[in-house]
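Here is a friendly tour of one protein model, with a look at surface charge and aromatic contacts. Have your viewer ready to follow along.

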Amino acid sequence: MSKLRLMVVDDERDNLDLLYRTFRRDFQVHRADSPLDAIALLDTEGEMAVIITDQSMPEMTGLELLSKARVRFPHTIGILLTGYSEDALEASEDMMNKANVFKCISKPFDIQDLKALVQKAAEIYQTNKQSA
């Protein structure tokens, strides 16, 4: 069985490299260092099972990126990385629902927790695709 596709989006190269190294054995990982690059990747590569994106980036937020991805690929699962507390994002709960945010993770994050979370998101993606 081929690997599921995972996109990591972060404007900080160190975070992008860490995420790539963490998931490359289990997923086909696509990297983007900006939301616009991520959208271009979706244009050329198509649907991703999971998108992990930073919230605070130039051009648009991670939530905006996930919302745009969801319109085209409704089964894609989004994970949002943020330097803010979840309280700051609760005001955007409606936006998080529209963007299909599975979980919001505060930085710095525990890599093992993130791996478990991504595995769960991938399982949900596969279940949703099979029942579609």
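The notes below go through the charged patches and then the aromatic rings.

## About the model

Please keep in mind that this is a predicted model.

## The positive patch

On the surface, R21, R24, R25 and K115 form a patch of positive charge. If you would like to find one of its members, K115 sits in helix α6, which covers residues 111–131. K115 counts as partly exposed because its relative accessibility is 31%, and partly exposed is the class between 20% and 50%.

## The negative patch

There is also a surface patch of negative charge, and its members are D11, E12, D14, D37 and E59. Among them, E12 lies in the loop that runs between β1 (4–9) and α1 (13–23). With a relative accessible area of 42%, E12 is partly exposed.

## The aromatic pair

A pair of aromatic rings is described by the distance of the centres and the angle of the planes. In this model the count comes to 1 aromatic pair. The partners are F23 and F27, whose ring centres are 6.1 Å apart and whose planes make an angle of 75°. The pair is classed as edge-to-face, because that label applies to planes over 60 degrees apart.

Are these two rings buried or exposed? F23 has a relative accessibility of 2%, so F23 counts as buried. F27 is buried too, at a relative accessible area of 4%; the cut-off for buried is under 20%.

Conventions: Residues are numbered from 1 along each chain as its sequence is written. This is a predicted model: local features need pLDDT of at least 70, side-chain atom pairs count only at pLDDT 80 or more; totals for chains, interfaces and linings use all residues. Side-chain values use heavy atoms; hydrogens and water are left out. Patches are made of residues with over 30% relative accessible area and no salt bridge: like charges are joined within 9 Å, nonpolar side chains (Val, Leu, Ile, Met, Phe, Trp, Tyr) within 5 Å. Accessible areas come from the Shrake-Rupley method with a 1.4 Å probe; for residues, only the protein chains shown count as cover. A salt bridge is a side-chain nitrogen of Lys or Arg within 4 Å of a carboxyl oxygen of Asp or Glu. Lys and Arg count as positive and Asp and Glu as negative; His and the chain ends are not counted. The place of a charge is taken as NZ of Lys, CZ of Arg, CG of Asp or CD of Glu. Helices (H or I, at least four residues) and strands (E, at least two) are DSSP runs, numbered from the N terminus. Buried means under 20% relative accessible area, exposed over 50%, partly exposed in between (1.4 Å probe, protein chains only). Rings of Phe, Tyr and Trp (its six-membered ring) pair if their centres lie within 6.5 Å; planes under 30 degrees apart count as stacked, over 60 as edge-to-face and the rest as tilted.
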